[in-house]
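Here are my notes on the model you sent round. They are set out as numbered points, to be read with the structure open.

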Amino acid sequence: KNSFSDVYMSTNAGQSWMPTGLANKVGFFGNADLRWQGERLLVDPFNSSLLYYGSRNEGLWRGIATQPRLSGKVDWAQVSGFPLGTASAGVQFVVCGDVACLRSPPRRPSCGLLFIGVIGSGVYR
């Protein structure tokens, strides 16, 4: 794990960026096989304080931004009971499948339906 790999967030429209701490929990492999495949990071379209990250080796993670305006702090926790997938490929995509997210503005506390693709295991919802 290198010190530059992480999920970063900005609280000032991109003028500065802070690491969220996910790199302390999962490995990032930017140049690994299948790097071109899928969308691994999802910001919940109904609640921007909720994040989902599909890792290559450590399964699905859910982050809650506890003080996004002050510190960019995100509490990350692994989603239990979820398959890890094939080694070095893992979770390939995480998308919101709730058609209500097409409405503007969204009217829910969080995405009601996620689709998660896991290499070697299939698509989960």
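1. How many helices and how many strands does the secondary structure of the protein come to? The answer is zero helices and nine strands, so the elements, read from the N terminus, run β-β-β-β-β-β-β-β-β. Please keep in mind throughout that this is a predicted model.

2. Some overall values for the protein come next. Of its 125 residues, 34% count as buried. The accessible surface comes to about 7,400 Å², and carbon and sulfur atoms hold 54% of that surface. Among contacts between residues at least 6 apart in sequence, 48% join residues at least 24 apart.

3. The sheet at the C-terminal end of the numbering deserves a look. Three strands form an open sheet in the order 7-8-9, with antiparallel pairing. Strand 7 and strand 9 (122–124) stand at the edges with a single partner strand each, so one side of each has no neighbour in the sheet. From one strand to the next, the twist averages 15 degrees.

4. The pairing can be followed residue by residue. Strand 7 and strand 8 run antiparallel and are joined by five bridges. Val91 has Val118 of strand 8 as a bridge partner, and Phe93 has Gly117 of strand 8. On the other side, strand 8 and strand 9 pair in the antiparallel sense over three bridges. Gly117 appears here too, with Val123 in strand 9 as its bridge partner.

5. Strand 8 and strand 9 also form a hairpin, with three residues between them. In the turn, Gly120 has a positive phi of about 85 degrees. As for cover, strand 8 has four of its five residues buried.

6. Which residues have the most contacts inside the largest nonpolar core? They are Leu42, Tyr52, Phe82, Val91, Val94, Leu114 and Ile116, in a core of 13 residues. Strand 4 (50–54), strand 7 (91–96) and strand 8 (114–118) each give two or more residues to this core. A second, separate core has 10 residues, including Met9, Leu22, Val26 and Trp61. As general background, nonpolar side chains in soluble globular proteins tend to be buried together.

7. Leu114 shows how one core residue is packed. Leaving aside neighbours within four places in sequence, Leu114 is in contact with Leu42, Tyr52, Val95, Cys96, Gly97, Tyr124 and Arg125.

8. Phe82 lies outside the strands, in the loop between strand 6 (73–78) and strand 7. Is Phe82 buried or exposed? Its relative accessible area is 16%, and because buried means under 20%, Phe82 counts as buried. Not counting residues up to four places away in sequence, Phe82 touches Leu60, Val91, Ile116, Val118 and Tyr124. The C-alpha atoms of Phe82 and Tyr124 are separated by 9.2 Å, the two residues being 42 apart along the chain.

9. Leu60, one of the residues that Phe82 touches, is found in strand 5 (residues 60–67). Leu60 is buried, with a relative accessible area of 4%. Beyond residues up to four places away in sequence, Leu60 touches Tyr53, Gly54, Ala77, Gln78, Val79, Phe82, Val91, Val94 and Ile116. Val79 is 19 residues from Leu60 along the chain, and their C-alpha atoms are separated by 5.5 Å.

10. Asp44 should be checked by eye. Where is Asp44 found? Asp44 sits in the loop between strand 3 (41–43) and strand 4, and is buried, with a relative accessible area of 2%. Not counting residues up to four places away in sequence, Asp44 touches Leu50, Tyr52, Ser110 and Cys111. Asp44 and Cys111 are 67 residues apart along the chain, with their C-alpha atoms separated by 6.1 Å.

11. Ala13 is the last residue on my list. Ala13 is found in the loop between strand 1 (8–9) and strand 2 (18–19). Its phi is near 60 degrees, a positive value in a residue other than glycine. At 85% relative accessibility, Ala13 counts as exposed, whereas Asp44 in its own loop is buried.

Methods
Residues numbered from 1 in each chain as written. Predicted model: local features only at pLDDT ≥ 70, side-chain atom pairs only at ≥ 80, totals over all residues. Heavy atoms only, no water. Core = buried A, V, L, I, M, F, W, Y, C linked by side-chain atoms within 4.5 Å. Buried < 20%, exposed > 50% of the residue type's maximum accessible area, 1.4 Å probe, protein only. Contact = heavy atoms within 4.5 Å. Areas by Shrake-Rupley, 256 points an atom, 1.4 Å probe, with all protein chains shown as cover. Pairing = 2+ DSSP bridges. Axes fitted to C-alpha atoms, helices over the stretch in contact; angles between N-to-C directions.
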